[in-house]
Structure formats: structure tokens, C-alpha cells
Number of protein chains: 2
Amino acid sequence: MDPHLLTTFVTVARHGSFSAAAAELGYTQSAISQQIAALEADLGLPLLRRRPVEPTAAGRRLLEHAEPLLLRLRAARADVLRTAAEPRHLLRLAATPLAVNPAVAARLAGAGARLPRLEVALRTCRPDRLAALVAEGHADLGLAGGIAAPSDPLRLPDAGPMTTAGVTEESLVVVLPPGHPLAGRASLRLADLVDARWLQTPLCPLARLRDLVGDGFAAGLEYEGDDVHTVLTLAAAGHGLTLLPASAVPAGGGVHAVPVAAPRLVHRVELLHAALPPGAAADLAAALTG
Amino acid sequence: MDPHLLTTFVTVARHGSFSAAAAELGYTQSAISQQIAALEADLGLPLLRRRPVEPTAAGRRLLEHAEPLLLRLRAARADVLRTAAEPRHLLRLAATPLAVNPAVAARLAGAGARLPRLEVALRTCRPDRLAALVAEGHADLGLAGGIAAPSDPLRLPDAGPMTTAGVTEESLVVVLPPGHPLAGRASLRLADLVDARWLQTPLCPLARLRDLVGDGFAAGLEYEGDDVHTVLTLAAAGHGLTLLPASAVPAGGGVHAVPVAAPRLVHRVELLHAALPPGAAADLAAALTG
DNA sequence: TTTAGTTACGCTATACGTAACTATC
DNA sequence: GATAGTTACGTATAGCGTAACTAAA
């Protein structure tokens, strides 16, 4: 269970090919073969079927573990190295697109005005990747947005010890295409929409909805990106329903936004960070959460 | 960041000695010295100060990561091996002491009556160790008890992908020593007790209370075991207050049990398991959750 | 001076690449 | 027969133990 072998294993599984993995990792194909053999010998189980290369049942199980394991390993290394890192003048802020809502943007602007020496680089990413970005040290601060019950914390992928703090909570709306029979309603109950077709997006993962509401929420179209505009366009074209914070749906933007009456859910934004680098990071964090 | 070196590092840190770690791990002291040196060279940072042996700031940071990392590694191995394990006739059930409450015990008895071929070995352990026990495959099923808001899941230490299902929820009482001024009350608000002295026990961790209620809850005496009787005895002797499910406090047992009015909290029991071994395990799980 | 971690050095086992082999499409 | 993974084998090196060394109590 050497992480080195684990990395090789996930690479082979991803490519479905020893040779391709060898090329990516800078080894010969023979070395990859030997590494996989070593891993299989260690566990005493075949992990891959050959020709075509695909994981066995045990291999699939291992894949589920390997990715988060390797992530945590990288996170641990990054965290330890951070304790000895140079002070940075530039603060790297990563956020999910919906996390930068009007309230958060205003606080950011306020902090920028009050802290003239603060330099912030902002990038957005999918919610499911944000924690990894912060944990691995590619961002100093993370603003994660997600769906949760009021004042409940978000369920973030576990990437090691991290500090989280609630920032804002905003009510959710169901995004309906024009002409939808329910478009005129003042509010909607999600329980009445479990049988509708929904967009599967990282911004509103259906698995999370099933978790919070119950079974149903069949996926219409799956969109793997994190762009709100694209989601709105897809929703307007009737590919499926989705849930967004009210402020993210423009008035008269071709879709109808109907508030969610039950269950009580919000779009919650949380600030997360590992050890903060010295400097303005703590000030910015205070400005965002305070 | 080889797990092998990580294991050596945590062992050395725990013992505060290279030689003691060498003895435990079956190496020479020289090998340990070389392993620590290799780890420090890999990270480019000193992790331990010598004579006396104690972790540096970076070392302390690494220790926080290393334990859960190694746990997950063992859990991954156990989980993969489980896919090829022989069917077991004996089902190993691990539970926190408070998880085996009257309702759960009755369901267990019912399952035993309906499934004559079911053989169950039950062991108890501290709540914070239960997830690890199940993840590492030392138990097939786990019954975890803990304090949570009603219908909220427990916060279990993350030891990899695991299935959880709620089993029971029971109201909580404050355990007061005889003669306590509040003993006569019909109910109590925890917010009024934040300044009292509390028992620090794995069954009712004060960190969790601070999380759910707010600051305060100073620790009187810390008890590291998982024995309910001991906790009751300590509470009766006035070492501090604690929270227990109502069914765990015997009537006329030398202590007063006063229901908690606010915030709304319960003692929740959850069933957790990784991949279930073939056989009666699924039946028992169904009997407990159904 | 004793105790405890480090360094030098030799040995072995591991892990890689080259190249020959083999099985599958 | 071409493609792709395996096996054999030679070499480099990483990791351990023995033993000599060094620094702190």
C-alpha cells in the first residue's frame, strides 16, 4: 500500500492502459507492470483485469480509497511545508462561483478599501474541488458555497484538519424554464418536484438533494463545469430544473425563479483555510466572517 | 512522506525516544535515526528536537495529519481485503456503551430470535474509536452513540467511505449530584450551565457541547474510559456535570436526572459499516435500523 | 562518565531499464 | 502479425545492522 504504487494504480485505472500510465509517470511500461504486480502481491488480490485493462471488484474498492488518501497525503505535506513558508504579499483566494454573492463581494470590497496593502488573486472552481485546492496549498483561503439546512455546516470532502467559518446564508429558488406550468407559483415544495428532471451540476449536486429531501431527482443533463451562466442557459432551454441562490438568477433572464418553501434549505457560504500565512490573510478572513 | 517513515515518526513522538520506538518497531536505534533523518530531508524541515526528543512546530503539524492518514491507509487495506474475505459465521458487533440502550437491545434480541443461525460477538469501546474499529475491519458492524441535534447525523471521525444509518434518538438529561441546587428542577437549559464544572468524558465530550451550545463547559475531571457506571459515580461524587441519555441514569441511583429543555439535543445512535460480509450481517443491520 | 542520537560502512533487497517473451485482439 | 502486458536479468540504490563516533546531561 505504498502511495507510490497507489499513484501508479490510479493512473493506470484512469487511462485504462499500462503504457499510457508509463508515459504520464515517466516510467517504462515494464516498471508499471512490476509496480502493479507488487501492489497486487502486497494485497494478495488481482486489482486489474488485463486486455482490456479494467479494475476488478477489489480494484474498484481500492480506487474509492486511493484518491482521497493521496489527496490527504499531499495536503499533509503542503500543511507542514506551510509552517516554514515565506510570508506572501499576494493572497490567493479560491471560491465557488456562487460563493461570491453580492454580500461577499461587498465585504471583499470593504476589506480592500480598509487594507490598502492587501493584494488578492481570486479564482473560481467547482465546489467539490475547493477543499482540495485549499488543503494542497494552491489557495490560501477558500470560499465554499453549497446547499445545506439553515445554520448547518456544509458537507465538504474531508481533506484534513481545516478551519471553517460560516459567512452568509441565502434562500434558494427553483429555476424553471419559461412556460413551465409551475412558473407562476409564489413558492414551491421540493417534495412536489422529486419526479421532475433535474440538471446534474457541481453547483447543485442531485446526490445532495436526495440526501436532504429524499429519493428522486432524476438527472436530465449532466454539466461538469462550474459556470453559472451555462447552468442558467441549460435551465432556460428546459434541460432540467436546478436550485440556485436567489441573487444568482437575474430578473427577466429568460427563466423563472420560484422560492423554495419546504424543506427549509439555504445556499450557505463558508470560509475555509488551513494554517493562515502571516500577513493580511487573517484580516481578510475576519472581514469576510465578521 | 512514506507511510513507513510516518509510522516511525509518530512512534518516536509518542515515546519521546528513538530507542523506545526502535524497540517497539523491531528496528535498531540507528535505523530509526536514519528514518527520521530521511523524513526530515524529504520535507526539508526539522521535525524533532533532540535531547529531549520533542516535536518542532512543523512536527506537531505533521502529527495531526499522520494519525488519521495512517488510519485511513489501514482502513483502505482492510476494506479491499474484505472484498475477498471468507464468509464469517460470527458477526462482530462493536458499540459505544450508551448505544446499547433498551430499544437497541430489544431489537438485537428480536433479531436473535428471528435469525437462529446468527451468532453475534459484542464489544464496547469509546465513541471516538468506534469508526476506526469498523474501518480497520476489527468489527463488522458498529453502533455509535453520540450527542447531536434531532435528526442530525453524528460527527464521526472520517475513516473512509462508510455506510451510516440512524437507529434511535433519545432525549438527554443533565446528571446532577445529590443536593445540587438545581436538582429539583423539571428541566434545565444548557445555556444556564455553561459556567458549571463538567466531566470531560468520551461519552459526553465537552468540545462537542461547546460546538453545539457555545463557549464554556469548563472541565472538572477528565475520565478517559468508556464505563457508564464510573461516569455516574464520578457525577454523584460531584466531580462535575455530564449529559447522558435518560435511560442510562438509574432511578434512585444517587444522582438526579433533569431533562434538557434547550437547546434541543438528543443522544443519537447510528449503525455504521463498511462493505458487509456475506451472511446474516445484512439481516442484523436491517433489524437494527428497521 | 553515562546515556542517547548520529555517522560510516558493508551487505542485502528492492526497483528500475533493457530485452526477450507471451498472450490477446 | 501487431499490440500490449509479462518475465528474465543486470545494475543502481535505498535501507538496514554493526560498530565507531559525538554531544548532551
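User: How many salt bridges are there over all chains?
Analyst: The count comes to 26 salt bridges over all chains. The model is a predicted one, and the values discussed here are computed from it.

User: Take B:R14. Which residue does it form a salt bridge with, and how far apart are the closest N and O atoms?
Analyst: The partner of B:R14 is B:E24, and the closest N and O atoms are 2.8 Å apart.

User: Which parts of chain B does that pair tie together?
Analyst: B:R14 belongs to helix α1 (residues 3-15) of chain B, whereas B:E24 belongs to helix α2 (residues 18-25) of chain B, so the salt bridge links parts that are 10 residues apart in sequence.

User: Are the two residues buried or exposed?
Analyst: B:R14 is exposed, with a relative accessible area of 51%. B:E24 is partly exposed, at 42%.

User: What about B:R208 and B:D211, what is the N to O distance there?
Analyst: Their side chains meet in a salt bridge at 3.5 Å, N to O. Both residues lie in helix α7 (residues 206-212) of chain B, 3 residues apart, which means that about one helical turn separates them.

User: And are those two buried or exposed?
Analyst: B:R208 is buried, with a relative accessible area of 16%, whereas B:D211 is exposed, at 54%.

User: Next, B:E270 and B:R268. How do their side chains meet?
Analyst: The side chains of B:E270 and B:R268 form a salt bridge with an N to O distance of 2.7 Å. B:E270 counts as buried, at 2% relative accessibility. B:R268 counts as buried too, at 12%.

User: Which residues do salt bridges that share partners join into one network?
Analyst: That network consists of A:R61, A:E64, B:D79 and B:R82.

User: Changing topic: which residues surround DNA strand C?
Analyst: There are 17 residues around DNA strand C, and the closest are B:S19, B:Q29, B:S33, B:R50 and B:R51. Of the atoms of DNA strand C that come within 4 Å of the protein, 53% belong to sugar and phosphate.

User: Which side chains have a polar atom by a base nitrogen of the strand?
Analyst: B:Q29 has a polar side-chain atom 2.9 Å from a base nitrogen of DNA strand C. For B:R51, a polar side-chain atom lies 2.6 Å from a base nitrogen of DNA strand C.

User: What does A:R51 do at a base oxygen?
Analyst: An N or O atom in the side chain of A:R51 is 3.1 Å from a base oxygen of DNA strand C.

User: Which helices supply the surface near the strand?
Analyst: At least two residues each come from α3 (29-43) of chain A and from α2 and α3 (29-43) of chain B. The largest share, 4 residues, is that of α3(A).

User: What is the make-up of that surface by class?
Analyst: The surface near DNA strand C has 10 polar, 4 nonpolar and 3 charged residues.

User: Where does UniProt place the HTH lysR-type domain in chain A?
Analyst: The UniProt record, an unreviewed entry, gives "domain: HTH lysR-type" at residues 1-56 of chain A. Over residues 1-56 the chain is 64% helix and 7% strand, with the end C-alpha atoms 17 Å apart.

User: And how is chain A divided into domains?
Analyst: Chain A has domain 1 (3-84), domain 2 (90-167 + 268-289) and domain 3 (169-264). The centres of domain 1 and domain 3 of chain A, taken over C-alpha atoms, are separated by 38 Å.

How values were computed
Residues are numbered from 1 along each chain as its sequence is written. Chains are lettered from A and ligands numbered from 1 in the order in which they are written. This is a predicted model: local features need pLDDT of at least 70, side-chain atom pairs count only at pLDDT 80 or more; totals for chains, interfaces and linings use all residues. Side-chain values use heavy atoms; hydrogens and water are left out. A salt bridge is a side-chain nitrogen of Lys or Arg within 4 Å of a carboxyl oxygen of Asp or Glu. Buried means under 20% relative accessible area, exposed over 50%, partly exposed in between (1.4 Å probe, protein chains only). UniProt positions are given in the numbering used here, feature names are shortened, and annotations may be inferred rather than shown by experiment. A residue is near a molecule or strand if one of its heavy atoms lies within 4 Å of it. A polar contact is a pair of N or O atoms within 3.5 Å; within protein, one must be able to donate a hydrogen and the other to accept it, and residues adjacent in sequence count only if both atoms are side-chain atoms. Ala, Val, Leu, Ile, Met, Phe, Trp, Tyr, Cys and Pro count as nonpolar, Asp, Glu, Lys and Arg as charged, and the others, Gly among them, as polar. Domain bounds come from an automatic or database domain assignment.
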